[in-house]
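Subject: Structure for your review

Dear colleague,

Please find below the structure I promised to pass on, with the sequence alongside. My notes on what was found in it follow directly after.

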Amino acid sequence: AEPPYDIATLGSAGSNGSQGNNDHHHVHMYDGYALAVYLISQLQFIDPLNRRDLTRAELLHLDRYLQRHQKHFPQQQEQKMNVTQAYDAK
């Protein structure tokens, strides 16, 4: 089985890496392939748990994850998924 995909966020400091007063770290674990299918099919590029908009950098990270673990996703062998491309086309 493929390792879970995580979306890491910094409390209320935002996703730009700046540290505020609230610097606790949250990690949401997902099945990376299922997350990519959801994001592309809904054309809503949000964290499903808290509805936070995902950044383009996070989507690039998800695409790299899918490339690294593509052997675990036989559904993806025929057609390569590109979450960032779908995001840019939106």
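The side chains of Arg56 and Asp88 are joined by a polar contact of 2.7 Å, and I begin with this pair, with the reminder that the model is a predicted one. Arg56 has its place in helix H2, and if one sets aside its neighbours within four places in sequence, the residues in contact with Arg56 are Thr84, Tyr87 and Asp88. With Thr84, the separation between C-alpha atoms is 6.8 Å, although the two residues stand 28 residues apart along the chain. As for its surroundings, Arg56 has a relative accessibility of 37% and therefore counts as partly exposed.

A second polar feature of H2 involves Glu58, which is also found in that helix. A polar atom of the Glu58 side chain lies 2.7 Å from the backbone nitrogen of Thr55. Is Glu58 buried or exposed? Its relative accessibility is 15%, and because buried means under 20% relative accessible area, Glu58 counts as buried.

To place these details in the whole, the secondary structure of the protein chain amounts to 3 helices and 2 strands, and reading along the sequence gives the pattern β-β-α-α-α. The chain has 90 residues, of which buried residues make up 32%. Where contacts between residues at least 6 apart in sequence are considered, 49% of them join residues that are at least 24 apart.

The packing of two of the helices deserves a fuller description. Helix H1, residues 32–42, and helix H2, residues 56–68, pack with their axes 10 Å apart and at an angle of about 130 degrees. Angles of 65 to 115 degrees count as roughly perpendicular and those over 145 as roughly antiparallel, and H1 and H2 are therefore oblique to each other. The crossing in which H1 passes H2 is left-handed. Which residues meet where H1 and H2 come together? From H1 there are Gly32, Tyr33, Leu35, Ala36 and Leu39, and these meet Leu59, Leu62, Tyr65 and Leu66 in H2. By class, the residues of this contact of H1 with H2 divide into 8 nonpolar and 1 polar, with no charged residue among them.

The loop between H1 and H2 holds two residues whose backbone angles you may wish to look at. Leu43, which has its place in that loop, shows a phi near 50 degrees, a positive value in a residue other than glycine. The relative accessible area of Leu43 is 40%, so this residue is partly exposed. Arg51 lies in the loop between H1 and H2 as well, and its phi is likewise positive, at about 65 degrees, although Arg51 is not a glycine. With a relative accessibility of 51%, Arg51 counts as exposed, since the cut-off for that class is over 50%.

Finally, there is Lys80, which is found in the loop between H2 and helix H3, the latter covering 83–89. Lys80 and Asp63 are 17 residues apart in sequence, and from C-alpha to C-alpha they are 9.8 Å apart in space. The relative accessible area of Lys80 is 49%, and Lys80 is therefore partly exposed.

With kind regards

Methods
Residues numbered from 1 in each chain as written. Predicted model: local features only at pLDDT ≥ 70, side-chain atom pairs only at ≥ 80, totals over all residues. Heavy atoms only, no water. Axes fitted to C-alpha atoms, helices over the stretch in contact; angles between N-to-C directions. Helix = DSSP H or I, 4+ residues; strand = E, 2+ residues; numbered from the N terminus. Parallel < 35°, antiparallel > 145°, perpendicular 65-115°, else oblique. Left-handed = near helix turned anticlockwise from the far one by under 90°. Contact = heavy atoms within 4.5 Å. Nonpolar A, V, L, I, M, F, W, Y, C, P; charged D, E, K, R; others polar. Buried < 20%, exposed > 50% of the residue type's maximum accessible area, 1.4 Å probe, protein only. Polar contact = N/O pair within 3.5 Å; in protein donor to acceptor, adjacent residues only side chain to side chain.
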